[in-house]
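Me: Got a minute to go through this one with me? I'd like to start with the ligand and then move on to the helices.

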Amino acid sequence: MKIRFLILLGAFSLIAYQSCTSSKKVTSNTDLGPVTFEGQIKPIMLAHCTPCHFPGGEKDQLDTYDRVLSRIDDILDRTQRDTAAKGFMPFKLKKPALSEEELAVFFKWMEDGMLEK
Ligand code: HEC
(Lines give C-alpha, C1' and ligand atoms only; values in the text may rest on other atoms or scores of the structure.)
Protein backbone atom coordinates (compact mmCIF):
# COMPACT_ATOMS: atom_id res chain seq x y z
CA MET A 1 0.00 0.00 0.00
CA LYS A 2 2.73 2.38 0.98
CA ILE A 3 4.82 1.51 -2.07
CA ARG A 4 1.85 2.11 -4.33
CA PHE A 5 1.42 5.53 -2.83
CA LEU A 6 5.06 6.33 -3.40
CA ILE A 7 4.88 5.24 -7.04
CA LEU A 8 1.81 7.43 -7.51
CA LEU A 9 3.55 10.34 -5.86
CA GLY A 10 6.55 9.80 -8.12
CA ALA A 11 4.39 9.80 -11.22
CA PHE A 12 2.70 13.02 -10.14
CA SER A 13 5.98 14.74 -9.42
CA LEU A 14 7.25 13.73 -12.84
CA ILE A 15 4.17 15.19 -14.53
CA ALA A 16 4.43 18.37 -12.48
CA TYR A 17 8.13 18.63 -13.27
CA GLN A 18 7.51 18.20 -16.98
CA SER A 19 4.80 20.86 -17.09
CA CYS A 20 7.04 23.33 -15.30
CA THR A 21 10.04 22.78 -17.53
CA SER A 22 8.07 22.65 -20.79
CA SER A 23 8.89 25.66 -22.97
CA LYS A 24 5.23 26.12 -23.84
CA LYS A 25 2.88 27.82 -21.43
CA VAL A 26 0.58 25.29 -19.80
CA THR A 27 -2.69 26.74 -18.55
CA SER A 28 -4.58 23.55 -17.77
CA ASN A 29 -3.59 19.92 -17.53
CA THR A 30 -5.35 18.87 -20.76
CA ASP A 31 -3.73 21.70 -22.66
CA LEU A 32 -0.68 21.01 -24.78
CA GLY A 33 0.26 24.61 -25.50
CA PRO A 34 -1.08 27.88 -26.81
CA VAL A 35 -3.76 28.05 -29.50
CA THR A 36 -2.33 29.32 -32.79
CA PHE A 37 -3.86 30.51 -36.05
CA GLU A 38 -2.18 27.82 -38.14
CA GLY A 39 -2.75 25.07 -35.58
CA GLN A 40 -6.38 25.50 -34.54
CA ILE A 41 -8.07 28.65 -35.89
CA LYS A 42 -7.53 28.14 -39.61
CA PRO A 43 -8.86 24.55 -39.57
CA ILE A 44 -12.07 25.80 -37.90
CA MET A 45 -12.42 28.57 -40.49
CA LEU A 46 -11.81 26.08 -43.31
CA ALA A 47 -14.55 23.85 -41.94
CA HIS A 48 -17.12 26.64 -41.51
CA CYS A 49 -16.27 29.61 -43.72
CA THR A 50 -15.40 28.02 -47.07
CA PRO A 51 -15.92 28.52 -49.92
CA CYS A 52 -17.28 32.05 -49.48
CA HIS A 53 -14.38 33.63 -47.55
CA PHE A 54 -11.53 31.66 -49.06
CA PRO A 55 -9.85 31.97 -52.46
CA GLY A 56 -12.44 31.29 -55.13
CA GLY A 57 -15.22 32.59 -52.86
CA GLU A 58 -16.93 35.88 -53.49
CA LYS A 59 -16.89 37.45 -50.03
CA ASP A 60 -14.18 39.30 -48.13
CA GLN A 61 -11.29 36.88 -47.84
CA LEU A 62 -10.66 35.52 -44.34
CA ASP A 63 -7.94 33.13 -45.41
CA THR A 64 -4.82 34.62 -43.85
CA TYR A 65 -3.63 35.41 -40.35
CA ASP A 66 -3.61 39.18 -40.98
CA ARG A 67 -7.10 39.22 -42.44
CA VAL A 68 -8.58 37.21 -39.60
CA LEU A 69 -6.74 39.30 -37.03
CA SER A 70 -8.09 42.56 -38.44
CA ARG A 71 -11.69 41.26 -38.48
CA ILE A 72 -11.74 39.20 -35.31
CA ASP A 73 -14.39 41.36 -33.58
CA ASP A 74 -16.79 41.07 -36.52
CA ILE A 75 -16.07 37.34 -36.85
CA LEU A 76 -16.84 36.64 -33.19
CA ASP A 77 -19.87 38.91 -33.20
CA ARG A 78 -21.48 37.29 -36.24
CA THR A 79 -20.72 33.68 -35.31
CA GLN A 80 -22.36 34.17 -31.89
CA ARG A 81 -25.59 35.79 -33.10
CA ASP A 82 -28.84 33.90 -33.07
CA THR A 83 -28.69 31.59 -36.10
CA ALA A 84 -31.76 33.33 -37.54
CA ALA A 85 -30.46 36.86 -36.93
CA LYS A 86 -29.38 39.15 -39.74
CA GLY A 87 -25.66 38.94 -40.40
CA PHE A 88 -25.24 35.56 -38.69
CA MET A 89 -22.28 33.55 -40.02
CA PRO A 90 -21.93 30.98 -41.57
CA PHE A 91 -24.34 32.74 -43.95
CA LYS A 92 -27.82 31.20 -43.82
CA LEU A 93 -26.37 28.15 -42.06
CA LYS A 94 -24.92 26.89 -45.32
CA LYS A 95 -22.21 25.48 -43.06
CA PRO A 96 -22.89 24.40 -39.44
CA ALA A 97 -22.71 27.08 -36.74
CA LEU A 98 -19.59 27.16 -34.59
CA SER A 99 -19.97 24.91 -31.53
CA GLU A 100 -19.34 26.14 -27.98
CA GLU A 101 -16.06 24.22 -28.08
CA GLU A 102 -14.95 25.93 -31.28
CA LEU A 103 -15.85 29.35 -29.91
CA ALA A 104 -13.89 28.50 -26.76
CA VAL A 105 -10.87 27.82 -28.99
CA PHE A 106 -11.21 31.37 -30.39
CA PHE A 107 -11.40 32.82 -26.88
CA LYS A 108 -8.36 30.86 -25.79
CA TRP A 109 -6.53 32.05 -28.91
CA MET A 110 -7.17 35.64 -27.81
CA GLU A 111 -6.11 34.81 -24.25
CA ASP A 112 -2.89 33.23 -25.54
CA GLY A 113 -2.00 36.38 -27.48
CA MET A 114 -3.36 35.50 -30.95
CA LEU A 115 -0.22 33.77 -32.16
CA GLU A 116 0.21 32.94 -35.82
CA LYS A 117 2.03 29.63 -35.34
C1 HEC B 1 -22.22 30.36 -47.89
C2 HEC B 1 -21.27 31.46 -47.90
C3 HEC B 1 -20.73 31.96 -46.58
C4 HEC B 1 -20.16 31.23 -45.55
C5 HEC B 1 -19.97 29.72 -45.46
C6 HEC B 1 -19.73 32.21 -44.57
N7 HEC B 1 -20.05 33.47 -44.98
FE8 HEC B 1 -19.52 35.23 -44.08
N9 HEC B 1 -20.50 36.28 -45.50
C10 HEC B 1 -21.24 35.74 -46.54
C11 HEC B 1 -22.03 36.77 -47.19
C12 HEC B 1 -23.00 36.55 -48.35
C13 HEC B 1 -21.72 37.99 -46.50
C14 HEC B 1 -22.29 39.38 -46.76
C15 HEC B 1 -23.67 39.49 -46.17
C16 HEC B 1 -23.69 40.03 -44.77
O17 HEC B 1 -22.89 40.90 -44.44
O18 HEC B 1 -24.56 39.60 -43.98
C19 HEC B 1 -20.76 37.65 -45.47
C20 HEC B 1 -20.19 38.55 -44.62
C21 HEC B 1 -19.29 38.24 -43.61
C22 HEC B 1 -18.56 39.20 -42.81
C23 HEC B 1 -18.61 40.70 -42.95
C24 HEC B 1 -17.56 41.19 -43.90
C25 HEC B 1 -17.93 40.90 -45.32
O26 HEC B 1 -17.25 40.08 -45.96
O27 HEC B 1 -18.92 41.48 -45.83
C28 HEC B 1 -17.80 38.49 -41.92
C29 HEC B 1 -16.83 39.04 -40.89
C30 HEC B 1 -18.06 37.10 -42.17
N31 HEC B 1 -18.96 36.96 -43.21
C32 HEC B 1 -17.49 36.06 -41.45
C33 HEC B 1 -17.75 34.72 -41.69
C34 HEC B 1 -17.18 33.64 -40.89
C35 HEC B 1 -16.25 33.83 -39.70
C36 HEC B 1 -17.62 32.47 -41.43
C37 HEC B 1 -17.35 31.08 -40.94
C38 HEC B 1 -17.62 30.82 -39.54
C39 HEC B 1 -18.47 32.81 -42.56
N40 HEC B 1 -18.52 34.18 -42.69
C41 HEC B 1 -19.09 31.88 -43.38
C42 HEC B 1 -21.21 34.42 -46.94
C43 HEC B 1 -20.68 33.37 -46.20
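**Around the ligand**

Reply: Sure. This is a predicted model. Of the 19 residues around the ligand, the ones that come nearest are Cys49, Cys52, Asp60, Met89 and Phe91.

Me: Which elements give two or more residues to that shell?

Reply: Those are α2 (37-49) and α4 (72-79). The most comes from α4, which gives 4 residues.

Me: And how do the shell residues divide into nonpolar, polar and charged?

Reply: There are 8 nonpolar, 4 polar and 7 charged residues in the shell around the ligand.

Me: OK, switching to helices. At what angle do α2 and α5 pack?

Reply: The angle is about 140 degrees, and the axes of α2 and α5 are 10 Å apart. Angles over 145 degrees would count as roughly antiparallel, so α2 and α5 are oblique to each other. Their crossing is left-handed.

Me: Which residues meet there?

Reply: From α2 you have Gln40, Ile41 and Ile44, and they meet Glu102, Val105, Phe106 and Trp109 of α5. By class, that contact has 5 nonpolar, 1 polar and 1 charged residues.

Me: What span should α5 have, going by its 12 residues?

Reply: Helix α5 covers residues 100-111, and at 1.5 Å a residue it should span 16 Å. Its end C-alpha atoms are 16 Å apart, so that agrees.

Me: Last one: which residue just after α5 takes a positive phi?

Reply: That's Gly113, with a phi of about 100 degrees.

Notes
Residues are numbered from 1 along each chain as its sequence is written. This is a predicted model: local features need pLDDT of at least 70, side-chain atom pairs count only at pLDDT 80 or more; totals for chains, interfaces and linings use all residues. A residue is near a molecule or strand if its C-beta atom, placed from the backbone, lies within 6 Å of it. Ala, Val, Leu, Ile, Met, Phe, Trp, Tyr, Cys and Pro count as nonpolar, Asp, Glu, Lys and Arg as charged, and the others, Gly among them, as polar. The expected span of a helix is 1.5 Å times one less than its number of residues. Axes are lines fitted to C-alpha atoms, for helices over the stretch in contact, and angles run from 0 to 180 degrees between N-to-C directions. Angles under 35 degrees count as roughly parallel, over 145 as roughly antiparallel, 65 to 115 as roughly perpendicular and the rest as oblique. A crossing is left-handed if the near helix is turned anticlockwise from the far one by less than a right angle, and right-handed if clockwise. Two residues are in contact if their C-beta atoms, placed from the backbone, lie within 7 Å.
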